[in-house]
Amino acid sequence: MPSILIVDDETIFRKGIRLMITDMNSDWFVIDEATDGADALEKIEALQPDLIITDIKMPRIDGIQLQYIVK
């Protein structure tokens, strides 16, 4: 099953995206959530998600910086 990591500094958006994915009844599942890019880097290394959905404006490491680091 393909896994998704959701990265956003706003809890309500993370929960909303998780709910939308869960409601789709697809094979995709949310493996975890991260509060910013730095938190995401640790989780990416540990969990190896298939897809990362990220916000752009976040503290510490933003979504654009995260994209360059992960690629």
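Two residues are in contact, or touch, when their heavy atoms lie within 4.5 Å. The views below show a predicted model, in which local features need pLDDT of at least 70 and side-chain atom pairs count only at pLDDT 80 or more, while totals for chains, interfaces and linings use all residues. Residues are numbered from 1 along each chain as its sequence is written, and side-chain values use heavy atoms, with hydrogens and water left out.

**View 1. Glu 33 is a buried residue of strand β2.** Strand β2 covers residues 29-34 (helices, H or I of at least four residues, and strands, E of at least two, are DSSP runs numbered from the N terminus). The relative accessibility of Glu 33 is 9%, so this residue counts as buried (under 20% relative accessible area; exposed is over 50%, partly exposed in between; 1.4 Å probe, protein chains only). Who are its neighbours? Leaving aside residues up to four places away in sequence, Glu 33 touches Leu 5, Ile 6, Arg 14, Lys 15, Arg 18, Asp 39 and Lys 43. With one of them, Arg 14, the side chain of Glu 33 makes a polar contact of 3.2 Å. Such a contact is a pair of N or O atoms within 3.5 Å; within protein, one must be able to donate a hydrogen and the other to accept it, and residues adjacent in sequence count only if both atoms are side-chain atoms.

**View 2. Salt bridges link strand β2 with helices α1 and α2.** Side chains of opposite charge can pair when their charged atoms come close. The structure holds six salt bridges (a side-chain nitrogen of Lys or Arg within 4 Å of a carboxyl oxygen of Asp or Glu). One of them pairs Glu 33 with Lys 15, with 3.3 Å between the closest N and O atoms. Glu 33 belongs to strand β2 and Lys 15 to helix α1 (residues 11-23), so this pair ties together parts that are 18 residues apart in sequence. Lys 15 is partly exposed, at 45% relative accessibility. In another salt bridge, Asp 32 meets Lys 43, and here the closest N and O atoms are 3.5 Å apart. Asp 32 sits in strand β2 and Lys 43 in helix α2, so the two tie together parts that are 11 residues apart in sequence. Asp 32 is partly exposed, with a relative accessible area of 25%.

**View 3. Lys 43 and Asp 39 form a salt bridge within helix α2.** The N to O distance between their side chains is 3.9 Å. Lys 43 and Asp 39 are four residues apart in the helix, so about one helical turn separates them. Is Asp 39 buried or exposed? Asp 39 is buried, at 16% relative accessible area. Elsewhere, salt bridges with shared partners join Arg 14, Lys 15, Arg 18 and Glu 33 into one network.

**View 4. Helix α2 packs against β1, β2, β3 and α3 through its buried residues.** These buried residues are Gly 37, Ala 38, Asp 39, Ala 40 and Ile 44. At the start of the helix, a side-chain oxygen of Asp 36 comes within 3.0 Å of the backbone nitrogen of Ala 38. Just after α2, Gln 48 has a positive phi of about 50 degrees.

**View 5. The largest nonpolar core has nine residues.** Its members are Leu 5, Val 7, Ala 34, Ala 38, Ala 40, Ile 44, Met 58, Ile 61 and Leu 66. Both β1 (3-7) and α2 (37-47) supply at least two residues of this core, and the largest share, three residues, comes from α2. Apart from this core lies another, of five residues, including Ile 4, Ile 17, Ile 21 and Val 30. A nonpolar core is a set of buried Ala, Val, Leu, Ile, Met, Phe, Trp, Tyr and Cys residues joined through side-chain atoms within 4.5 Å. Back in the nine-residue core, Ala 38 touches Arg 60 and Ile 61, not counting residues up to four places away in sequence.

**View 6. Asn 25 and Arg 60 have positive phi values in loops.** Asn 25, in the loop between α1 and β2, has a phi of about 55 degrees although it is not a glycine. Asn 25 is exposed, with a relative accessible area of 71%. Arg 60, likewise not a glycine, has a phi near 60 degrees and lies in the loop between β3 (51-54) and α3. Arg 60 is exposed as well, at 61% relative accessible area.
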